[in-house]
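This report looks at how some of the secondary-structure elements of one chain are arranged, beginning with its sheet and moving on to its helices.

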Amino acid sequence: MVKLVLIRHGQSIANKENVYTGWNDAPLTELGVKQAILAGQALAQNELEFTDIHTSLLGRAIKTANLVAEACHQLYLPLHKTWRLNERHYGALRGLNKDDTRKIYGKHQVALWRRSFYAVPPALAKPDLERRYANLDPRSIPTAESLAQALDRIMPYWQDEIAPKLLADKNQLVVAHGSTLRALIKYLESISDEGIDGLEVENCQPIIYELDGQLKIVKKEII
């Protein structure tokens, strides 16, 4: 059976300060670095070996991926970076404290933006035109996203880059972000639009899926 492992990045400064991050870069905290190393050691203890590692274009995920790979003695593996695995774009909320937004917009509205599948937060006036996205059509760069839109963004990469390798019996490691991993888990586990509200992905707790020849889940384990 082939294995797919999903890992959310280690604690970032934004996580620690309870701030919306989205496509902003936020460095790992000291705890986040330790979490990544421990996650890699756990993979080594479980004798998990991969042929590829996939991550986003955001520093906290890239740093975590490298720390995990080093800790499980697989730093030599190809590291594929893609904007499609970026965190969900939180639009005009990014950089704001989550408790402050509850005071401004109300707890119910913030809960919808954060946890529901279709709610879209307030958008930026224009997309981010950073160098890291220079090769993208500006029209494809979001100014805010629902979780549903984030899943739509992820799926071409899943179908073109990750799934074919799994079907070739090659174990894959994905190191990404809380919301985008929630979206991918929703797809993998066929979770309902309503059911996704209660799913949380913790920092650096590896989620191990054992998949059959049709990429259906045979076993799931969190270590």
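In what order do the 6 strands of the open sheet stand, and is their pairing mixed or not? In this predicted model, the strands follow the order 3-2-4-1-5-6, and the sheet that they form is open, with mixed pairing.

## Sheet edges and pairing

The edges of the sheet are taken by strand 3 (79–81) and strand 6 (217–222), each of which has a single partner strand, so one side of each is left without a neighbour in the sheet. Direction ignored, neighbouring strands are turned against each other by 20° on average.

Within the sheet, strand 2 (residues 52–55) pairs with strand 4 (residues 172–176) in the parallel sense, over 4 bridges. In this part of the sheet Thr55 stands opposite Val175 of strand 4.

## A helix across the sheet

Helix 7 (residues 178–189) lies across strand 1 (2–8), strand 4, strand 5 (207–211) and strand 6, and runs at about 150° to strand 1.

## Packing of helix 2 and helix 3

The axes of helix 2 (residues 30–45) and helix 3 (residues 59–71) come within 7 Å and cross at roughly 40°, which makes helix 2 oblique to helix 3. The crossing of helix 2 and helix 3 is right-handed.

On the side of helix 2, the contact is made by Val33, Ala36, Ile37, Ala39, Gly40, Gln41, Leu43 and Ala44, while helix 3 contributes Thr64, Leu67, Val68 and Ala71. Sorted by class, this contact of helix 2 with helix 3 has 9 nonpolar and 3 polar residues, and no charged residues.

Terms used:
Residues numbered from 1 in each chain as written. Predicted model: local features only at pLDDT ≥ 70, side-chain atom pairs only at ≥ 80, totals over all residues. Heavy atoms only, no water. Axes fitted to C-alpha atoms, helices over the stretch in contact; angles between N-to-C directions. Helix = DSSP H or I, 4+ residues; strand = E, 2+ residues; numbered from the N terminus. Parallel < 35°, antiparallel > 145°, perpendicular 65-115°, else oblique. Left-handed = near helix turned anticlockwise from the far one by under 90°. Contact = heavy atoms within 4.5 Å. Nonpolar A, V, L, I, M, F, W, Y, C, P; charged D, E, K, R; others polar. Pairing = 2+ DSSP bridges.
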